[in-house]
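Please walk through this protein chain with the model open beside the text, moving from the overall layout to the core, then to a hairpin and finally to the surface.

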Amino acid sequence: VKETSPDDPPSLIRQNYANDEVGVLAGVFEDFLARIRSLIQRERQFTRFASHELRSPVTVIKGAVELLRTGNGDEELNSQRVMRSVDRIDRAAREMEDTLECFLVLSKEKTDPDKIGEIEVAPVIDELVDQFRFLIKNRDVELTSEVPQEFSVNGHLHSFKIAVGNLIKNACQFTRSGSIEISVNGRLLSVIDTGSG
């Protein structure tokens, strides 16, 4: 016990003992250490993911707020600037909300079965495409989505949206020209682009 640390790779303690009371205790201790290691790993992943995933929307919100603060006397331009900034803040806030929900699921040792269910993929893809289409607004990029209405997966909605949203967002960010195709082949959902990623 003294030589074992939660950070160490798994050590097979139970194999050193007979199948008696001490052996049972060694096995329970080994299982407990594995759970502690898993909790520490999830905590580290949470910190890493949170700092990476939340940095972008926070930057968007800060930039939009800065734009709201700067005015130039032209009432119509100011009104347009306000609406664009409010839209950016709204998008970023929704993105952060989904991300936080996903992180809360990932940080738990066991997933709440009530949060798992059938996800109709097409409406989620449509929502994500609408959310990130602004990234290709002034580019020569054709974005197509061919996801059958009946296609569904079983899982956690927010986690699914984060995973697929990251693929679509990256495709939109890094495709300067060409195409982005979202399609389904059998049970495989693909996001294929001509960008640099």
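**From the whole chain to its parts**

Of the 197 residues in the protein chain, 30% are buried, and since the coordinates belong to a predicted model, each statement that follows describes that prediction. The accessible surface of the protein chain amounts to about 13200 Å², and carbon and sulfur atoms account for 53% of that surface. In terms of secondary structure, the protein chain holds four helices and five strands, which follow one another from the N terminus in the order α-α-β-α-β-β-α-β-β. When contacts with a separation of 6 or more are considered, 71% of them in the protein chain link residues that lie 24 or more positions apart.

The interior comes next. In soluble globular proteins, nonpolar side chains tend to be buried together. The largest nonpolar core of this model has 23 residues, among which Ile-125, Val-147, Ile-168 and Cys-172 touch the most other members. At least two residues of this core are supplied by each of α3 (121–132), β2 (140–146), α4 (157–174) and β4, and the largest share, seven residues, comes from α3. Ile-125 may serve as a point from which to look around: leaving aside residues up to four places away in sequence, Ile-125 touches Ser-145, Val-147, Val-164, Ile-168, Ile-182 and Leu-189.

Strand β4, one of the elements that supply the core, also leads to a hairpin. Strand β4 (residues 177–185) and strand β5 (residues 188–193) run antiparallel and are joined by six bridges. Asn-185 stands opposite Leu-188 in β5, and two residues lie between the strands of this hairpin, where Gly-186 takes a positive phi near 70°.

Turning to the outside, which residues make a nonpolar surface patch? Leu-68, Val-82, Met-83 and Val-86 form such a patch, with an area of about 300 Å². Helix α2 (residues 75–107) provides the largest share of the nonpolar patch, namely three residues, and Met-83 is found in this helix. Is Met-83 buried or exposed, or does this residue fall in between? Met-83 counts as partly exposed because its relative accessibility is 47%, a value to be set against the limits of under 20% for buried and over 50% for exposed.

Note on methods. Residues are numbered from 1 along each chain as its sequence is written. This is a predicted model: local features need pLDDT of at least 70, side-chain atom pairs count only at pLDDT 80 or more; totals for chains, interfaces and linings use all residues. Side-chain values use heavy atoms; hydrogens and water are left out. Patches are made of residues with over 30% relative accessible area and no salt bridge: like charges are joined within 9 Å, nonpolar side chains (Val, Leu, Ile, Met, Phe, Trp, Tyr) within 5 Å. Accessible areas come from the Shrake-Rupley method with a 1.4 Å probe; for residues, only the protein chains shown count as cover. A salt bridge is a side-chain nitrogen of Lys or Arg within 4 Å of a carboxyl oxygen of Asp or Glu. Buried means under 20% relative accessible area, exposed over 50%, partly exposed in between (1.4 Å probe, protein chains only). Two strands pair if DSSP finds at least two bridges between them. Contact means heavy atoms within 4.5 Å. A nonpolar core is a set of buried Ala, Val, Leu, Ile, Met, Phe, Trp, Tyr and Cys residues joined through side-chain atoms within 4.5 Å.
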